Amino acid sequence: MDEFLTNLPEFRAAIWQTFYMVGISVVLGGLLGLALGLVLYATRPGSLMSNRAVFVGVNILVNVVRPIPFVIFLMAIQPLMKAMIGTTIGTDAVTFALTLAAAFAVSRVIEQTLIAVDPGVVEAARAAGARPLSILLTVVVPEALGPVILGYTFIFVAVVDMSAQAGLFGGGGLGSFAITHGSQRYNWVVVYITVAVIILIVQAGQFAGNALARRALRR
Amino acid sequence: MSHVRLSQVTKSFTRGRNGPRVVALDDVSLEVAKGEVFGVIGHSGAGKSTLIRLINGLETPTSGQVHVGDHEITALSERDLRGVRQDIGMIFQQFNLFRSRTIAGNVAYPLKVAGVAKAERDRRVARLLDFVGLLDRAHDHPEQLSGGQKQRVGIARALATEPSLLLADEATSALDPKTTAEVLDLLSRVNRELGVTIVLITHELDVIRAVAGRVAVMDGGRIAETGTVYDVFAHPRSTAAADFVRGALRDRPSPETVARLRRTHSGRIVTVGVQDRTGFQTALARTFLEHGVAAGVIFGGVGELQERAVGSLTFELTGPAEGIDAALATLRADGVDLTEEEG
């Protein structure tokens, strides 16, 4: 415990690094994933802007990227990282990888959620003379808002998980802290306190997501 | 002047990949006049859902033309269609209200699409909700309303842009009889007070009977028969129309009923179609009497269609054989619809 207290400044820094990585990748990856998910939903056969070429292309891309385990993905995209942000190690590099991984995961969640929207509602909007893009953004997305929020909550938890894995690659954050100050020094107090904080972050995120979704669903 | 015109419209599609070719509509032509309520009746799978969606271009036909007013729907691009759709309201079996919007928000939606300014939008939404009797529910959400109320919101939303044409897709099929009557009353008001032309599709004769002036009977993707509601159902020429009338009125005995009647009645059994003219029944009774024939009603029913009598009566005739023959011959000569029940 004493050792943990002496590392308190590093611990605080680790928490902020985790928030930084998770925050940026959930927001940026979330937006990018939303765009990809909307494309997947809108271009599928029979949908608002069905376009076979775009749908098949994006679908294959998502299918290729998404199943790669994050630690492997982190290594696989190192050339891309180098080209885009100039480095392959550290918090920014991990954040870049997290953002991409989150985007691909979000795209499927969004697509699946939007598909569940009642086609009758889309038909009513078409019958009113609305443009496809306007139907997508002002009808389909709002109708699916509750499940969309729950989907983002799910992704948030997954990103916290991935950000901790990134500790293995010197990514900073709570994962790194648990490894360097905890398990490598056989200091289990540090490990468990770190685990407890990660659980707290996840719980808080889940709680907030549930509350927002309940409001959107009005139940 | 015709408001909606379908000319030799055919619609076919393949079910699934490499599936069988299904013909939903087969050489359908019809005209709906401005200001009328036109009903299309048919069983599920008869093609009526496809038909109504051709009118606002939600579906495109394989061949043939669709006209609404001066527009040839089938010749318009999707972009041009959007403008025309703002002059065509549509209501649906499952209401299809936006759950994410309030009642007022639902009614305001088509106005937003049409680019109507906020102040004018609010004014019109209030007037429409007042028209359908739901002004006090403006800030509620759809799930707080009953089925009948939801459909009234659907109607208000469909009328928001003051269209001249309203399409009703099985609008009362999800409602109980009482709310069905309320919604049908409202549709009649929409037609009467606002002069909106209505095309409605249904599988229920009662809906046609309550609101429509003319009707087309659909069967297997084709129009079996078109005419005024009275003509089509009082004197059906097609088996499809006759089936609907039989199902709704149950006035003509089925073969099983005839067999049962036969067990308890020894005389000749004759079914007479009721005619909507003064003194028809009296004339009928007098003819039998003059020929020394006793006629007793043993089955049947007489109802009303567009305020005119429809139905049929089944008589047991007893008396001298030549008297019965002579009476029947007289009636047939008078143009009475008469069927002698065999068996």
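This section describes the contacts between chain A and chain B, the two domains of chain B, and selected local features of chain B in a predicted model.

The interface between the chains is considered first. On the chain A side, 22 residues are in contact with chain B. On the chain B side, 23 residues take part. The area buried between chain A and chain B is about 1,800 Å². Carbon and sulfur atoms give 47% of that area. Two salt bridges are counted between the chains. In one salt bridge, the side chains of A:E123 and B:R53 meet at 2.5 Å, N to O. Eight residue pairs are in polar contact across the interface of chain A and chain B, with both residues of each pair at pLDDT 80 or more. Two helices of chain A, α7 (119-127) and α8 (132-143), each supply at least two residues of the side that touches chain B. By class, this side of chain A has 11 nonpolar, seven charged and four polar residues.

Helix α3 of chain B spans residues 103-113 and is mostly covered. Nine of its 11 residues are buried. They are B:I103, B:A104, B:G105, B:N106, B:V107, B:A108, B:Y109, B:P110 and B:L111. The buried residues of α3(B) pack against elements of both chains. From chain A, the partners are α7 and α8. These two helices also each supply at least two residues of the side of chain A that touches chain B. From chain B, the partners are α4 (118-131) and α5 (147-159). Just after α3(B), B:G115 takes a positive phi of about 75°.

Within chain B, the domain assignment gives domain 1 (2-247) and domain 2 (251-340). The centres of the two domains, taken over C-alpha atoms, are separated by 40 Å. Seven residues of domain 1 are in contact with seven residues of domain 2. The area buried between these domains of chain B is about 780 Å². Carbon and sulfur atoms give 59% of it. Three residues, B:R209, B:Y230 and B:R246, supply 69% of the area that domain 1 buries against domain 2. No other three residues supply more of that area.

Zero salt bridges are found across the interface of domain 1 and domain 2 of chain B. One residue pair is in polar contact there, with both residues at pLDDT 80 or more. Helix α8 of chain B (residues 229-234) gives the largest share of the side of domain 1 that touches domain 2, namely four residues. The classes on this side of domain 1 are five nonpolar, one polar and one charged.

Two strand residues of chain B complete the description. B:Q8 lies in strand β1 (residues 2-14) of chain B. The phi of B:Q8 is near 45°, a positive value in a residue other than glycine. B:Q8 has a relative accessible area of 53% and is therefore classed as exposed, the cut-off being over 50%. B:D27 is found in strand β2 (residues 21-33) of chain B. Phi of B:D27 is also positive, near 55°, again in a residue other than glycine. The relative accessible area of B:D27 is 40%, so this residue counts as partly exposed.

Definitions and conventions: Residues are numbered from 1 along each chain as its sequence is written. Chains are lettered from A and ligands numbered from 1 in the order in which they are written. This is a predicted model: local features need pLDDT of at least 70, side-chain atom pairs count only at pLDDT 80 or more; totals for chains, interfaces and linings use all residues. Side-chain values use heavy atoms; hydrogens and water are left out. Contact means heavy atoms within 4.5 Å. Buried area is the accessible area (1.4 Å probe) that two parts lose on being put together, summed over both. A salt bridge is a side-chain nitrogen of Lys or Arg within 4 Å of a carboxyl oxygen of Asp or Glu. A polar contact is a pair of N or O atoms within 3.5 Å; within protein, one must be able to donate a hydrogen and the other to accept it, and residues adjacent in sequence count only if both atoms are side-chain atoms. Ala, Val, Leu, Ile, Met, Phe, Trp, Tyr, Cys and Pro count as nonpolar, Asp, Glu, Lys and Arg as charged, and the others, Gly among them, as polar. Domain bounds come from an automatic or database domain assignment. Buried means under 20% relative accessible area, exposed over 50%, partly exposed in between (1.4 Å probe, protein chains only).
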